Amino acid sequence: MKAEVEALVDELKRLRKAGVTRVSVSEAAIQSLKKFSKVASVDANTRAAVLDSIPDRVRSASVKDFDKVLLETKSETKKAAAKQTYGAKLPRPPRILLPNGDKRERWAFLRDKVLNCPTCNQRVKPGKKVVFGVGNLDAEIFFCGEAPGADEEIQGEPFVGKAGQLLDKMIAAMGLKREEVYIGNIMNWRPEMPTPTGNRPPTVEEMNFCLPYLKAQLEVVKPKLIVALGATAAKGLLGANSFRSLRELKGQWQSFEGVPVMPTYHPSYLLRNDTKRDKRSAWEDWLKVMDKAGLPISEKQQGYFL
């Protein structure tokens, strides 16, 4: 039990530093801790730390046992850490200078820079990963999303969840494979929340910080065109005030860094709005992408979702 109590003491100390002033501990748990503090095998410093870490005012709520107390204090620590980073001011966007070399060498340099970016790693949840783009470095089509989701931050790869599976199917409907295109996000981390669960769109400041990394990927790949998946991705590329609703410019060619951009629905939108009309509307955008990329379009493809 000594290791458990010492772990609890560490958690309580971290809570104090994080500004947490109240945790839930039962009277039974308090008595257990006091009893433990009298065990001869425990050094005086540990006993004192146990008692000093438990102010009288935390002895109010009830929990079942000591293990639950330990788990709850760890949870409070994680929440406090999330609150500290959530909404925290970001440093200036990085300046990216790609080295000389072939595409693979330049891409590897950039990937290493992103995966080791202190700002990105500071905002990644414990046990999760920074996410970098993947695909063919000679791809003519660059699919750009807004930010990683829960599945993406686990695998460290963009578009691997349900939305990613639908994206793969849509790419296949074009007559291509996932490995033949390039897929990335404006954001390199999943936007953190003040709570352990939930999602939110990235802020303008967050996207502006990550944008140089995206531009560098475009510089390496040199695609013929970009497909902006969803309103947030489109605003990240075209400007936060460039439009109010995606419908204003969906299906109309735009430009980013001299590269044509096709704004269209995000696959997650199509999962939520599973109607033939929305699918056809999205597919008409994709037909424009195929035409501009010089891909053959069959009669069957022309008639999808009609």
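A residue is called buried when its relative accessible area is under 20%, exposed when over 50% and partly exposed in between, with a 1.4 Å probe and protein chains only. The structure is a predicted model, in which local features need pLDDT of at least 70 and side-chain atom pairs count only at pLDDT 80 or more, while totals for chains, interfaces and linings use all residues. Residues are numbered from 1 along each chain as its sequence is written, and side-chain values use heavy atoms, leaving out hydrogens and water.

Searching the whole structure for aromatic pairs yields seven, where rings of Phe, Tyr and Trp (its six-membered ring) pair if their centres lie within 6.5 Å, and planes under 30 degrees apart count as stacked, over 60 as edge-to-face and the rest as tilted. Among them is the tilted pair of W189 and F209, with 6.2 Å centre to centre and 50° between the planes. This pair links distant parts of the chain, 20 residues apart, since W189 lies in the loop between strand 3 (182-185) and helix 9 (204-221) and F209 in helix 9; helices (H or I, at least four residues) and strands (E, at least two) are DSSP runs numbered from the N terminus. W189 counts as buried because its relative accessibility is 0%, and F209 is likewise buried, with a relative accessible area of 4%.

Y265 and Y269 form a stacked pair, 4.3 Å centre to centre with 25° between the planes, and both residues are buried. The charged end of K250 sits over the ring of Y265, 5.0 Å from its centre, a term that requires NZ of Lys or CZ of Arg within 6 Å of the ring centre and within 35 degrees of the ring normal. The charged end of K292 sits over the ring of W253, 5.0 Å from its centre. Elsewhere, ring pairs join W283, Y304 and F305 into a cluster.
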